[in-house]
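Open the model in your viewer and keep the sequence panel beside it. The stops below are given in the order in which to select them.

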Amino acid sequence: MQDFDYLGKKYFPHWIEAGRALGQAEATLIAGIVRVLEMRGVEFSDDAAERINRCKSLDQLGAWLHKAPKVKSADDLFD
């Protein structure tokens, strides 16, 4: 049985790199949202933190990052 990592790197490197880049973009946006909220002293519930961390939509994360400097609570991000 051949190693799946080897096969992926050999035959599908563009998909692996695209997935890696997408994951890094998501992580960067998530970290930015959390950082802005923390710097502003906005508290957020475990549910809000989980919702932010589980989001896989770059558009949605970008919208939340844009709203983060203006919200009074983390839940306001989701309105």
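Start with Arg54, which counts as exposed because its relative accessibility is 60%, above the 50% cut-off. Keep in mind throughout that the model is a predicted one.

Now add Glu50 to the selection. The side chains of Arg54 and Glu50 form a salt bridge, with 3.6 Å from N to O. Both belong to helix α3, and being 4 residues apart they are separated by about one helical turn. An α-helix has 3.6 residues a turn, so residues three or four places apart point the same way. Glu50, at 43% relative accessibility, counts as partly exposed.

Next, select the whole of α3, residues 46–54. Which of its residues are buried? They are Ala48, Ala49 and Ile52. Look down the axis of α3: these buried residues fall within an arc of 100°, so they line one face of the helix. Turn to the face that points away from the buried side, and you find the exposed residues Asp46, Asp47 and Arg54.

Step back to Ser45, in the loop between α2 (13–39) and α3. Ser45 is partly exposed, at 36% relative accessible area. Put a distance label from its C-alpha to that of Asp75: the two are 8.4 Å apart in space, although 30 residues apart in sequence.

Go to the loop between α3 and α4 and select Lys56, then Glu26 in helix α2. Their side chains meet in a salt bridge, at 3.8 Å from N to O. This pair links distant parts of the chain, its members being 30 residues apart. Are the two partners buried or exposed? Lys56 is exposed, with a relative accessible area of 57%. Glu26 counts as buried because its relative accessibility is 8%, below the 20% cut-off. The count of salt bridges in the model comes to 2.

Glu26 also leads to the next stop, Leu61. Leaving aside neighbours within four places in sequence, Leu61 is in contact with Glu26, Leu29, Ile30, Ile33, Ile52 and Cys55.

From Leu61, widen the selection to the largest nonpolar core, which has 15 residues. Those that touch the most other members are Ile33, Leu37, Ile52, Leu61, Trp64, Leu77 and Phe78. Helices α2, α3 and α4 are the elements that give two or more residues to this core, and α2 gives the most, with 4 residues. In soluble globular proteins, nonpolar side chains tend to be buried together.

Within that core, display the rings of Trp64 and Phe78. A search of the whole structure finds 1 aromatic pair. The ring centres of Trp64 and Phe78 are 5.0 Å apart and the planes stand at 75°, so the pair is edge-to-face. Trp64 lies in helix α4 (residues 58–67) and Phe78 in the segment after α4, so select across a separation of 14 residues. Both Trp64 and Phe78 are buried.

Finish with Arg51. Its charged end sits over the ring of Phe78, 4.1 Å from the ring centre. Leave Trp64, Phe78 and Arg51 displayed together for a last view: Phe78 pairs edge-to-face with Trp64 and has the charged end of Arg51 over its ring.

Notes:
Residues numbered from 1 in each chain as written. Predicted model: local features only at pLDDT ≥ 70, side-chain atom pairs only at ≥ 80, totals over all residues. Heavy atoms only, no water. Buried < 20%, exposed > 50% of the residue type's maximum accessible area, 1.4 Å probe, protein only. Arc of directions from axis to C-beta. Phe/Tyr/Trp six-rings, centres within 6.5 Å; stacked < 30°, edge-to-face > 60°. Lys NZ or Arg CZ within 6 Å of the ring centre and 35° of its normal. Salt bridge = Lys/Arg side-chain N within 4 Å of Asp/Glu carboxyl O. Core = buried A, V, L, I, M, F, W, Y, C linked by side-chain atoms within 4.5 Å. Contact = heavy atoms within 4.5 Å.
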